Amino acid sequence: MKYLVTGKEMKLLDKNTSNFFKVPEMVLMEQAAMHFVWRLCSVLKETISNGNAKGIVFCGFGNNGADGIAIARLLNERGIVTEVCKISDFLVEKGAASASYFMQEEIYESYQYPVQNDISKILNTEYDFVIDAVFGIGLSRTLSDEYIRIIQMMQDTKGIKVAVDMPSGVNSDNGQVMGAALVCDYTITFSFGKVGQYVWPGCDYAGTVLVENIGITDASWLDKKPTLAVLDKSDLASLPKRLSHSNKGTFGRVLVIAGSINMAGAAIFTAKAVYRCGVGLVKVYTHEANRTIIQESVPEALVSTYGNDINKEQLIADMHWANAIVIGPGLGQSELAQEMVKVVREAASVPVVWDADALNILSVNTEELLLPHTEYILTPHLGEFSRLVNKSVFYVQNHLIESAIEFARNYDVICVLKDFRTVSASPYGMSYLNLSGNNGMATGGSGDVLAGIIGALLVQGVKGIEASALGVYIHGLAGDAAREKMGTHSVMASDIIEGLKEVWKGIDYAEY
């Protein structure tokens, strides 16, 4: 697990490291410059190995610009000719330069290393690399026309684009583009990844993000706690191990309430995903018309059905049989579906994963979520979530993390808000941004598979937010395995289920 931070959090960590742990700001700056240069030379090894490499650093007049000047100095020390372009020369209003900027500028000029502020020469030179050190993590306002022209000049300069900490123009807190932004090949950032580098659209500008440790560690949080993290493969070690002395009852029972007439596929995807994640028993509660196809497609599953009406007592008995419930895939929004949602809302005594049509039914009266309930995990995509909160998809997509966290807190639920980067938000404690998966997974049935994975983890001892975050991560890994085998365009929901076999095989035999 790795923490992601906002610009404000990173500034606090910087301050704590200097004030509490007595590490001077200039020491941190030199550490950042040295690590940046090391990483740059590593990733561009083939580009600069011929001994004739040339680069340029565009420097603002804050601490990010100071970092840039230090980077240029260290590159010149290595024999890599690097020019500094001070963007203050192109501004009508110069702004107040930081003390660190003046200090780094004085050091640089003492060595008489090259400076280049002639736009025509810059644009007519083929640089091996172009380093963006204009704004960093501090940008929070829409850029003026002057700055937009500077960003365009950087974009037009020939060479591999590498940002120091953040691509200029991207908000480090939410990834929003503040009028214009530099499209980078790499972003080399320090100590912790920044939220804006990983959410859309910022992730499209950051390129490959590389995090360098410069001495600001977890200790610098002091009494403040991080609130957002990403999982990696080391987190899979936290999954419960299968006991050697066990039976099908040991690994839990999941009730899948899914599949209206002509929608059996959703129920099948969910049930198969539950079984592929190691659950002992799955029961599918579905329309009678789906019985045969489900029994043929998932013969391992128990099947309980309804017809023109539902037997409330039977449904409640099935709910009491289960250790967790998944409701919604292919359910439809008929009066029968609404009645099933009502029964689950009122009678569930185990964790419930709410997905697809169940969410659309809940959105008619979202305030019902304020009533006492068991552990709820809601898994909306952007459209479903927009209906739940009565806000536009555009707004939600541009406020992804904060929207999910606000909803989780307002209704005391886990909110798994699905997008290119899915957020698993907790009403308290840690929330997670997922980095696994690919665009081949944008296919019908993919969400049904995810709901099944989360339900499976819940009955095997993984709690709430961890089941959600790990479920989303495993879902993405399965999608990556499917893409590796099938290619991006060919991935189907059934391929993601097959990909689960590769994921679990890797977990079962991994040594942590």
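These are my notebook entries on a predicted model of one protein chain.

**Entry 1: the whole chain**

I began with the overall dimensions. Along its principal axes, the C-alpha trace spans about 85 × 45 × 45 Å. I then looked up the secondary structure and found 19 helices and 18 strands. The chain has 512 residues, and 56% of them count as buried.

Next I asked how much of the contact network links distant parts of the sequence. Among contacts with a separation of 6 or more, 73% are between residues 24 or more positions apart.

For the surface, I noted an exposed area of about 22,000 Å², with 50% of it supplied by carbon and sulfur atoms. I also looked up the charges: there are 42 positive and 57 negative ones, and their mean positions are 3 Å apart.

**Entry 2: the nonpolar cores**

Which residues have the most contacts inside the largest nonpolar core? I found Phe36, Leu40, Phe58, Leu75 and Ile131, in a core of 66 residues. Helix H2, residues 25-43, gives the most to this core, with eight residues.

I followed Leu40 a little further. Leaving out residues up to four places away in sequence, Leu40 touches Leu75, Phe129, Ile131, Val162 and Ile188. Another core lies apart from this one and holds 57 residues, including Val254, Ile268, Val298 and Met441. As a friendly reminder to myself, nonpolar side chains tend to be buried together in soluble globular proteins.

**Entry 3: strands E2 and E3**

Is strand E2 largely enclosed or largely open? I counted it as largely enclosed by the rest of the structure, because five of its six residues (54-59) are buried. Its partner here is strand E3, residues 81-86; the two run parallel and are joined by six bridges. I picked out one pair to look at on screen: Ile56 has Glu83 in E3 as its bridge partner.

**Entry 4: the twelve-stranded sheet**

I traced an open sheet of twelve strands with mixed pairing. Its order reads E7-E1-E9-E18-E17-E16-E15-E14-E13-E10-E11-E12. Where are the edges? I found them at strand E7 (193-194) and strand E12 (302-306), each of which pairs on one side only.

Inside this sheet I checked one pairing in detail. Strand E10 (residues 253-257) and strand E13 (residues 324-327) run parallel, with four bridges between them. Ile257 has Ile327 in E13 as its bridge partner.

**Entry 5: two serines**

I looked up Ser349 and Ser424 side by side. Ser349 lies in the loop between helix H12 (335-347) and strand E14 (352-354), whereas Ser424 is in strand E17, residues 423-425.

Buried or exposed, then, for Ser349? I have it as exposed, because its relative accessibility is 53% and the cut-off is over 50%. Ser424 counts as buried, since its relative accessibility is 2%.

The neighbours came next, leaving out residues up to four places away in sequence. Ser349 touches His320 and Thr374. Ser424 touches Cys415, Val416, Ser431, Tyr432, Ile465, Ser468, Ala469 and Val472. I also noted a C-alpha separation of 8.8 Å between Ser349 and Glu375, which are 26 residues apart along the chain.

**Entry 6: backbone geometry**

I kept the backbone for last. Most residues other than glycine have a negative phi, and most peptide bonds are trans. With that in mind, I collected three places to look at.

The peptide bond joining Trp200 and Pro201 is cis, with omega about 5°. Pro201 is in the loop between E7 and helix H8 (202-206). I made a note that E7 is also one of the edge strands of the open sheet.

Asp165 has a positive phi, near 75°, and is not a glycine. I located Asp165 in the loop between strand E5 (158-164) and strand E6 (186-190). Asp165 counts as buried, because its relative accessibility is 9%.

Asp412 also has a positive phi, of about 55°. I found Asp412 in the loop between helix H16 (400-411) and strand E16 (414-417). With a relative accessible area of 48%, Asp412 is partly exposed.

Technical notes
Residues are numbered from 1 along each chain as its sequence is written. This is a predicted model: local features need pLDDT of at least 70, side-chain atom pairs count only at pLDDT 80 or more; totals for chains, interfaces and linings use all residues. Side-chain values use heavy atoms; hydrogens and water are left out. Buried means under 20% relative accessible area, exposed over 50%, partly exposed in between (1.4 Å probe, protein chains only). Contact means heavy atoms within 4.5 Å. Accessible areas come from the Shrake-Rupley method with a 1.4 Å probe; for residues, only the protein chains shown count as cover. Lys and Arg count as positive and Asp and Glu as negative; His and the chain ends are not counted. The place of a charge is taken as NZ of Lys, CZ of Arg, CG of Asp or CD of Glu. A nonpolar core is a set of buried Ala, Val, Leu, Ile, Met, Phe, Trp, Tyr and Cys residues joined through side-chain atoms within 4.5 Å. Two strands pair if DSSP finds at least two bridges between them.
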